[in-house]
Amino acid sequence: MKNLESLVRPNIWALEPYSCARDEFKGMEAHVFLDANENPYNDPINRYPDPLQEKLKARLAPLKGVRASQIFLGNGSDEAIDLVYRIFCVPEEDNVVAIAPTYGMYKVCSDINDVEYRSVALSEDWQLNAKALLAATDAHTKVIWICSPNNPSGNDFPRETIHEVLTNFEGIVVIDEAYSDFSTQIPFRSLLDNYPNLIVLNTFSKAWASAAIRLGMAFASEEIIALFNKVKYPYNVNLLTQEKALALINDFAAIDGWQAQIRREREHVLPALAELPIVLKVFPTDANFVLVKVTEADRIYRYLVEQGIVVRNRNRVQLCENCLRITIGTRQENNELLGALRFFK
């Protein structure tokens with residue numbers, strides 16, 4: 001890895017962050033708060049939340065196998081994605097490299113931040129070519145994006161292939177593990193101490209069944225997390241979200257049970273889909289969704305909508321011609337989907 005300062009935008013490295021009232025209070029005892037121009041009524045939501053979510057991070061760290069100082073929490077994973085651009089990429093000068101197809105927000109955030117986005121196509125069987133990915137980089141490439149399990153293909157990439165990228169790229173490598181809890185592969189966040197250029201993304205939206213609270217996670221070295229905290233908005237995670245996340249941790253057995261049930265349903269849905277005449281191929285998946293190649297994606301999608309069933313039409317996405325992406329639901333939802341597809345003509 002290059003020296004971290006050489007990867008960070010000079011204005012960000014020199015940035016003097018906004019100092020929150022609660023930052024200045026940290027470590028002291030008080031019971032009268034007259035520092036932040038808050039309304040004294042309607043406790044507790046009248047007070048600004050902990051800007052660094054320290055209690056939540058302390059509880060989350062052992063569950064994720066990292067140190068609390070290696071955790072950034074944001075308004076969904078999308079905040080962390082945007083911060084990567086704002087911290088490392090100089091607009092109109094730097095570029096990033098990503099696989100294709102993959103999660104669309106990497107490209108959206110590159111466009112918003114005026115950073116060149118270079119995509120490298122996966123193979124026909126959705127495999128990542130590390131050498132091709134590295135060949136797409138140049139002296140101005142700051143970041144490589146890898147989503148594993150990948151969206152929309154659903155598959156994990158072999159660890160040795162990702163290791164090749166991590167070892168041979170001198171910039172930042174972001175591995176988005178939003179769906180890793182549905183996979184048997186060991187998460188890359190366990191290797192943070194081995195790779196100072198590694199950022200791993202995770203979320204409460206998928207395996208934690210909490211998309212509505214908008215809580216994303218990023219794991220990285222203490223130095224990179226310090227940069228995230230320096231650039232983020234002061235109170236980026238609200239009190240209600242922090243409290244709900246703590247309640248979820250206290251009921252982790254339920255979370256674990258939901259994940260196991262989804263994996264069981266996945267084993268029920270995939271062979272059932274493969275038996276349908278309109279299904280040409282069911283791609284292997286390590287996520288809570290499956291990509292399915294069908295005879296007429298647009299017609300089948302519209303038909304399902306008419307039945308009150310919404311899936312994702314990926315027909316116009318690179319390498320996904322006539323493909324639908326289907327999330328694994330409850331047994332009742334899955335059976336309703338399968339029943340509707342059996343009657344499609």
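Me: I'd like to begin with the largest cavity in this structure. What volume does the largest cavity have?
Reply: Happy to help! In this predicted model, the largest cavity has a volume of about 40 Å³. The count comes to one cavity of 30 Å³ or more.

Me: Which residues line the largest cavity?
Reply: A good way to read a lining is to list its residues, then sort them by class. Here the lining is formed by Ser-148, Pro-149, Asp-156, Glu-177, Ser-180, Ser-183, Gln-185, Ile-186 and Pro-187. Sorted by class, the lining has three nonpolar, four polar and two charged residues.

Me: Let's turn to helix packing. At what angle do helix H5 and helix H9 pack?
Reply: Helix H5 (residues 76-88) and helix H9 (residues 222-231) meet at an angle of about 95 degrees, and their axes are 10 Å apart. Angles of 65 to 115 degrees count as roughly perpendicular, so H5 is roughly perpendicular to H9.

Me: Which residues make that contact between H5 and H9?
Reply: From H5 come Ala-80, Leu-83, Val-84, Arg-86, Ile-87 and Phe-88, while H9 brings Ile-224, Leu-227, Phe-228 and Val-231. By class, these contact residues are nine nonpolar, no polar and one charged.

Me: And the whole chain: how many helices and strands does it have?
Reply: The protein chain has 13 helices and eleven strands. Its radius of gyration is 22 Å, close to the 20 Å that the globule rule gives for 345 residues, so the chain is as compact as a globular protein of that length.

Me: What box do the C-alpha atoms fill?
Reply: Along the principal axes, the C-alpha atoms of the protein chain fill a box of roughly 70 × 50 × 30 Å.

How values were computed: Residues are numbered from 1 along each chain as its sequence is written. This is a predicted model: local features need pLDDT of at least 70, side-chain atom pairs count only at pLDDT 80 or more; totals for chains, interfaces and linings use all residues. Side-chain values use heavy atoms; hydrogens and water are left out. On a 1 Å grid over the protein atoms alone, a cavity is a set of points where a 1.4 Å probe fits but cannot get out, and a pocket is an open set with protein on both sides within 12 Å along at least five of seven lines; lining residues have an atom within 4 Å of a point. Grid points are joined across faces, edges and corners, and a volume is the space filled by probe spheres set on the points. Ala, Val, Leu, Ile, Met, Phe, Trp, Tyr, Cys and Pro count as nonpolar, Asp, Glu, Lys and Arg as charged, and the others, Gly among them, as polar. Axes are lines fitted to C-alpha atoms, for helices over the stretch in contact, and angles run from 0 to 180 degrees between N-to-C directions. Helices (H or I, at least four residues) and strands (E, at least two) are DSSP runs, numbered from the N terminus. Angles under 35 degrees count as roughly parallel, over 145 as roughly antiparallel, 65 to 115 as roughly perpendicular and the rest as oblique. Contact means heavy atoms within 4.5 Å. The radius of gyration is taken over C-alpha atoms; the globule rule is 2.2 Å times the number of residues to the power 0.38.
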